[in-house]
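Student: I would like a close look at one part of this model, namely the largest nonpolar core, and then at how the rest of the chain can be read alongside it. Could you take me through it in one connected account?

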Amino acid sequence: MAIPRPARPGLRFGLFVLLVALFASLGGALAYLAPPTEGRELSVDELVALAAERRVEVATFLDEDGQVTGRWRATPLPGPGSEAQPFFALPADPAAAPDGEGTYRVAYAGSDSTNALLVQALAQGGARVEIDPQPIKGAVRLLATVLLPLLILANLFGLLFLLARGGGGGLGEIRSFGTLGERGGTAVEPPAVRFTDVAGADEAVAELAEVVAYLTDPDRYAALGASPPKGVLLFGPPGTGKTLIARATAGEAGVPFFSVAGAEFVESLVGVGAARVRDLFARVRAAAPAILFIDEIDAAGRRRGSGDASGGSDEREQTLNQLLVEIDGFDVASGIVVMGATNRPDILDPALLRPGRFDRHVTIDQPDANGRSRILTLHATGKPLADDVDLEMVARRTPGFTGADLANVVNEAALLAVRDGRAQVRMTDLTEAVQRVLSGPQRRGRLLTEGERRRIATHEAGHAILAAATGHLEAVQRISVVARGRGLGSVQLGSDRDAVLFTRSQLADQLATALSGRAAEELLFGEPSTGSDADLEHATDLARDLVARHGMSERLGRVRLMAPESDLFLGGAAALNRISALTHQQLDAEVRRLVEEAFERATTILEARRPLLTRLVDQLLADETLEGAELGRLLAPATDDPAPLSGPGSGRGPRPSPQGQPAAR
Ligand code: ADP
Ligand code: MG
Ligand code: ZN
């Protein structure tokens with residue numbers, strides 16, 4: 001596909017040639033301007049002395065050079081001697097006159113009157129005096145000293161300007177967007193990648209199906225007046241296949257794929273970033289329908305106004321603005337989708353995420369056991385595997401591995417087989433490859449230990465059971481021990497968030513649920529970990545709101561202790577300074593009591609369901625993610641009266657002996 005490109009390289013080359021030509025002519029002119037060098041160099045005194053002895057034959061005054069050239073002879077010229085000495089004369093010192101004969105040159109830079117005297121002295125000595133005004137040399141001097149430098153400067157500025165616009169990569173467009181085509185020359189062709197090349201990211205693929213639908217038929221959206229997906233942000237840790245999925249989206253839709261790194265937008269020269277964005281979008285528009293993929297978009301779309309030490313924030317702001325302007329400019333029929341990828345969604349400028357811009361967000365998590373197994377299978381196709389290879393087992397052993405890590409594992413294993421001269425990949429190759437990838441330089445971070453994983457599973461299972469036990473079973477949508485964003489694991493609670501009102505008992509349930517992760521950890525491990533910082537913060541805020549904002553504590557009464565909403569911007573400390581020190585103390589005590597009480601309650605509830613808790617932990621460790629019907633089935637017993645759950649024979653006791661735990665599956 002031919003993409004129109006500005007004709008800058010040609011212009012740049014022309015300017016460069018012109019610059020060389022200008023320098024060459026300047027050099028030529030300067031050489032031409034140099035005064036003659038033949039003949040012996042005499043001083044003015046010597047010349048005057050020679051003239052007094054009538055030994056100067058010819059004297060040519062070169063006006064431009066400020067030199068007199070000519071011949072002198074060994075014997076005086078014939079002719080009348082000088083009788084009448086002029087009133088003013090240059091003093092002649094006979095001892096100064098050189099012997100012999102030859103050609104001479106004399107630099108004279110005297111005043112006009114001295115020159116006149118020199119001419120007079122020479123003429124009286126019988127010399128043939130000539131004056132050469134050198135008009136051509138005068139013109140050349142003017143050219144070389146005034147015009148040429150001006151031209152060279154102008155040319156230089158023009159060239160620098162073009163280079164800057166083109167990306168500062170030196171002559172010949174080394175790093176400009178023109179190189180998009182250069183990355184294989186086919187970079188704008190629809191990629192050959194399909195969704196079938198992506199495994200274990202079904203949610204993301206499903207969400208991107210709409211993008212494909214739009215790109216294959218933009219007019220249908222236009223006809224219906226439906227707003228198309230303009231901007232899609234892919235969130236996910238490195239190596240989870242964001243780039244792969246973006247390429248596959250273009251491949252599925254059969255549209256050109258433009259790819260650029262966010263950092264490429266932000267260059268050190270002012271205004272260049274914005275110019276590049278404009279440039280790029282012009283090219284994408286010409287190729288529409290198309291996908292523009294901006295990798296690591298956080299480099300260009302960092303939150304504005306967040307001071308950064310590099311001082312380049314101004315430039316970035318312009319770039320970001322230009323990006324937003326371009327995206328805003330798309331209409332339904334334009335058939336352009338901008339996709340961005342980042343692993344730091346938290347630092348993105350909120351302006352980027354507003355409706356009509358990057359308003360579709362697709363999260364790509366690290367794959368769970370099932371996903372890993374499918375990714376391994378995908379990358380193993382075409383590689384002959386020995387019978388003992390169990391990819392499921394490899395998948396189970398590699399929690400925390402991303403798609404890129406797994407692709408690496410399969411490749412390393414194949415390399416090991418090749419090194420051994422074998423025709424098949426064995427299980428030992430794969431296990432060795434896992435170790436290599438684990439210790440390899442590409443892997444950032446580290447794997448969790450088995451103990452850490454069990455603790456995280458316990459924490460999350462605690463949250464889920466408490467939510468179910470307090471009557472919010474349907475709200476629990478998903479439990480996962482796969483790291484998501486900052487969190488180590490997660491429990492996804494739905495529905496409650498949409499509620500308009502909360503009763504006191506609902507808030508109490510929330511409080512207990514927030515603390516239940518920590519409660520579960522303390523219950524099964526005997527001590528807490530740092531994994532519940534965020535939970536504690538949330539619980540404390542909730543309890544404080546309950547008391548000071550909603551007036552729901554019996555001890556402090558139905559009083560609003562917090563400053564009105566309008567004053568809250570003054571900050572937390574100011575928000576409470578209307579109340580007395582005593583009330584403040586009581587408030588603190590009450591918050592603490594509520595939190596402690598909720599924690600006790602969570603512990604009691606979990607203790608009564610200890611077998612369920614351990615069962616859930618084991619299931620979580622095996623599957624990593626639980627959701628849907630299976631999760632509902634597993635959690636259902638949590639809503640029952642705890643008595644039948646205490647285990648056979650133990651009766652209704654909240655504290656079954658630790659040995660009473662069912663064996664791990
Ligand atoms: P990211 O852009 O998120 O850092 P990439 O798309 O560059 O990750 O992934 C690098 C490579 O890892 C891909 O080219 C592919 O071979 C492999 N890979 C990553 N995720 C997957 C996946 N879900 N399915 C198949 N292969 C994957
Ligand atoms: Mg990438
Ligand atoms: Zn938690």
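Tutor: Val476 is a good place to enter the core of this predicted model, and, leaving out residues up to four places away in sequence, Val476 touches Ala464, Ala467, Ala468, Val491, Gln492, Leu493, Leu631 and Leu635. Two of the names just met return when the core is viewed as a whole, since Val476 and Leu635 belong, with Ile465, Ile479 and Leu616, to the residues that touch the most other members among the 51 residues of the largest nonpolar core. The elements that give two or more residues to this core are helix 17 (450-469), strand 11 (476-480), helix 18 (504-525), helix 19 (533-549), helix 21 (581-608), helix 22 (610-623) and helix 23 (628-635). Among these contributors, helix 21 provides the largest share, with nine residues. Another core, of 28 residues, lies apart from this one, and Val212, Tyr221, Ile291 and Ile364 are among its members.

From the end of helix 22 one can pass to Glu624, which is found in the loop between helix 22 and strand 13 (625-627). Glu624 is not a glycine, yet its phi is positive, at about 70 degrees. With a relative accessible area of 3%, under the limit of 20%, Glu624 therefore counts as buried. Glu624 is also one of the contacts of Arg372, a residue that, leaving aside neighbours within four places in sequence, is in contact with Pro367, Ala395, Arg396, Thr398, Pro399, Gly400, Phe401, Leu406 and Glu624. Arg372 is itself found in helix 13, and because its relative accessible area is 0%, Arg372 is classed as buried.

Helix 13 leads in turn to the ligand. Helix 13 (369-380), together with helix 8 (242-253) and helix 15 (403-419), is an element that supplies at least two residues of the shell around ligand 1. That shell has 15 residues, of which Ala199, Gly239, Lys242, Thr243 and His379 come nearest, and by class it comprises seven nonpolar, six polar and two charged residues. Three polar contacts with backbone atoms can be named: an oxygen atom of ligand 1 lies 2.8 Å from a backbone N or O atom of Gly239, an oxygen atom of the ligand is 3.1 Å from a polar backbone atom of Gly241, and a backbone N or O atom of Leu244 lies 2.9 Å from an oxygen atom of ligand 1. Taken alone, ligand 1 exposes 560 Å², and the protein buries 78% of that area.

His379, named above among the residues that come nearest to ligand 1, also connects to Lys383, since the backbone oxygen of His379 lies 3.2 Å from a polar atom of the Lys383 side chain. Lys383 is found in the loop between helix 13 and helix 14 (391-397), and not counting residues up to four places away in sequence, Lys383 touches Val410 and Ala414. The C-alpha atoms of Lys383 and Gln424 are separated by 7.6 Å, although these two residues are 41 residues apart along the chain. Because its relative accessible area is 29%, Lys383 is partly exposed, in contrast to Arg372, which is buried.

Two further backbone features deserve a careful look, and the background for both is that most residues other than glycine have a negative phi, and most peptide bonds are trans. The peptide bond from Ala288 to Pro289 is cis, with omega near -5 degrees, and Pro289 has its place in the loop between helix 10 (272-287) and strand 8 (290-295). Arg54, which is not a glycine, has a positive phi of about 55 degrees, and Arg54 is found in the loop between helix 2 (44-52) and strand 2 (56-62). With a relative accessible area of 14%, Arg54 is buried.

These parts can finally be set within the whole protein, whose secondary structure comes to 23 helices and 13 strands. Of its 665 residues, 44% count as buried, and the accessible surface comes to about 33,200 Å², of which 56% belongs to carbon and sulfur atoms. Of the contacts in the protein with a separation of 6 or more, 77% are accounted for by residues 24 or more positions apart.

Technical notes: Residues numbered from 1 in each chain as written. Chains lettered and ligands numbered in written order. Predicted model: local features only at pLDDT ≥ 70, side-chain atom pairs only at ≥ 80, totals over all residues. Heavy atoms only, no water. Core = buried A, V, L, I, M, F, W, Y, C linked by side-chain atoms within 4.5 Å. Buried < 20%, exposed > 50% of the residue type's maximum accessible area, 1.4 Å probe, protein only. Helix = DSSP H or I, 4+ residues; strand = E, 2+ residues; numbered from the N terminus. Contact = heavy atoms within 4.5 Å. Near = heavy atom within 4 Å. Polar contact = N/O pair within 3.5 Å; in protein donor to acceptor, adjacent residues only side chain to side chain. Areas by Shrake-Rupley, 256 points an atom, 1.4 Å probe, with all protein chains shown as cover. Nonpolar A, V, L, I, M, F, W, Y, C, P; charged D, E, K, R; others polar.
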